Amino acid sequence: MRRLREVMAENLDAQARLDKIVRHIAANMVAEVCSVYVLRSDEVLELFATQGLNPTSVHEASLRVGQGLVGTIAATARTLNLEDAQTHPAFRYLPETGEEIFHSFLGVPILRSGRVLGVLVVQNEAERAYRDDEVEALETTAMVLAELIAAGELEGLDKQGAGLDLSRPLNLRGASLADGIGMGQVILHEPRVVVTNLFNEDADYETRRLHDSLSNLRFSIDDMLRNQDVARDGEHREVLESYRMFAHDRGWVRRMEEQVRNGLTAEAAVEKVQSDNRARMMRSPDPYFRERLNDFDDLAYRLLRELVGKPHGPVAERGKSDYVVVARHMGAAELLDYNGPQLRGLVLEEGAPTSHVVIVARALGIPVVGQVNDALSYADSGNRIIVDGEEGSVFLRPTDEVRDAYGEKMLFRAKRQEAYIRLKDQPAVSSDGQPVSLLMNAGLLMDLPNVKNSGAAGIGLFRTELQFMVSSRFPRAGEQEQLYREVLDAADGKPVTFRTIDIGGDKVLPYLRGEHEENPALGWRAIRLSLDRPGLMRAQLRALLKAAAGRHLRVMLPMITEVREVLLVRQIIDRELELLARFGYQAPDRFELGAMLEVPSLLFQLDDIMRAVDFVSVGSNDLFQFIFASDRGNARIARRYDQLNRAFLRVLRQIQQAAERHGKSLTLCGEMAGRPLTALALLGLGYRSISMAGASLGPVKAMLLETDIGKLETELLAEIAKPYGGQTIREFLLDFADANGIPY
Ligand code: PEP
Ligand code: MG
């Protein structure tokens, strides 16, 4: 450690420093070979320095990530310790290096903030297993090398190297998840703390710092546990309790103390011990340990933040300027924590178009670009950023030219927005005179002004669970009633369809304890949960009935799977109405009960369900997910199937026909209602009522005004009936729109 520190302090260029370090390691570990492979931006690991292999192979020998032992270490970010490397299945012989005489092999990843920058290897001719303390030493050296590589001074590595030059402008591509353009400064959701100061000057001082931070950490966990917002039981409390247990874990503390005694700073010790923990826990066959890994990571991360004096949580980072949140993934409730007039956009490494965080972002009117690989590594807190939700593009640290261009684009969009606003009072009628009801989806108080401003015909879907999700405990009956009353007031006589809580799946309440479920989307959610917790359901229905005294009330049930479920709810409602009357409350003057059509089983009982309800609403997000067995929140398959698939459109047509046969009103309130092209398909299928995010009303109305529905219907129905050809009719719709001057 001392030698390493000296080499780092010497006045050498980066390559010379690297050469010197490999010589020292080889000598120190009595290894015939020590080599450093650096990851280039093209995912190739290039030999950058070696002691013991053929010197002419430096900058010549290379491997792809995943290829050979070195590539395997880079791909898995895990250490490999092998007595005889040549018998390992991943072994790959590089002739230019002359390594055929070496048998034992120890390779460790060079990591910085969890990102692989390269691989450090020692080899010996004899077959030997490297001892734990040797592995430790090599891993610590890799931390030093990470700093050296990250400094970006190595020749031949284009500066962004492994993407670490955080000053260069960068354009990242992703999927467009919510329309709009936003500019601001980056706030990293759960940012990594990058430890740059590795060696301590004074071990006692560092040990004290470590202990001080540990006790702050323990206090903060106790504080959280005392906080009355944490329900008495529930998952959240359980997690905190396991944090408390870990934070007092003697073994953990002892290992960090040892690292400090070995010469690391407190921060470096936390990081080192955490990466050891991670490696150990990932290898554990016990799923409990693997699951606890995230908790442990989070705890170590909190300790690091204590050490560097950065407070936790989103609020602390907000300044006065506009900001864009960059995250790997995020829950809908977490996004609401960031909400405010300066929130301008969201960038996700994951995310899919119908995931709830995206739906909430759309409701907030902020652009979202998802599936942006490594966004968190490229972005740094405070960087300028532009999020283009229209193109699915993100500009980090944009040049003046890009900023100017976006200034223009925003101006253009503002003009278009003005045009939409002018449309708001125009009747929603197609060019051939057919009226269509364009409704708005909502769920929070802040949506309400838009009911008026956007010219919506009413609220087609009010997601009541959002109030539950943003609250830290079950909202009291009085609070629910108050919200529902305000919603009805804001709608000012226009119809509002309240959906009873749709909890479960990806919509979790931290204070509701549930059993762990293998498939939460198919699990104890929505109406299933409500029927099993009749107290909860009664309280909500009562709040709705009271709030709608003397007015029109529409209640809709999510995830109905069989008709019986509707009948059970009707019984509860009848009883509630009786009770209200008995206690002298005024009832709604009109009451309608509807079902969401989002579980495929209902497709085979369409006539029965139509008889049992007053109206139906298609939840196309879930219906599509279940019909195509394709998780709506999974980024990897998000683009695999198209909602404009013929099979899906045939299903939607069948539903429309059944509703017509029974004279029941029909709405569709999934995300496909909010995009002009998919909404166009719905018009062609006979849908005359669709509900969407407020921001979509303008573009969809602009489309409607130019559409000759009669003509569209004839052509589209013929198109989906075709027995052959590509599965999606997107091309057909694009051609139809272009040929008829329909904006989309
Ligand atoms: C749907 O599933 O299409 C729907 C509208 O409900 P949610 O997106 O809230 O599940
Ligand atoms: Mg749904």
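Biologist: How do the residues of the shell around ligand 1 divide into nonpolar, polar and charged?

Modeller: In this predicted model, the shell around ligand 1 holds 4 nonpolar, 5 polar and 7 charged residues, where Ala, Val, Leu, Ile, Met, Phe, Trp, Tyr, Cys and Pro count as nonpolar, Asp, Glu, Lys and Arg as charged, and the others, Gly among them, as polar. Residues are numbered from 1 along each chain as its sequence is written, and chains are lettered from A and ligands numbered from 1 in the order in which they are written. Local features need pLDDT of at least 70, side-chain atom pairs count only at pLDDT 80 or more, and totals for chains, interfaces and linings use all residues, while side-chain values use heavy atoms, with hydrogens and water left out.

Biologist: What makes the pair of Arg 632 and ligand 1 a polar contact?

Modeller: A polar side-chain atom of Arg 632 lies 2.7 Å from an oxygen atom of the ligand, and a polar contact is a pair of N or O atoms within 3.5 Å (within protein, one must be able to donate a hydrogen and the other to accept it, and residues adjacent in sequence count only if both atoms are side-chain atoms), so the pair qualifies.

Biologist: Why is Glu 598 called buried or exposed?

Modeller: Buried means under 20% relative accessible area, exposed over 50%, and partly exposed in between (1.4 Å probe, protein chains only); Glu 598 has a relative accessible area of 2% and is therefore buried.

Biologist: Where does Asp 622 fall, buried or exposed?

Modeller: Asp 622 has 3% relative accessibility, and therefore counts as buried.
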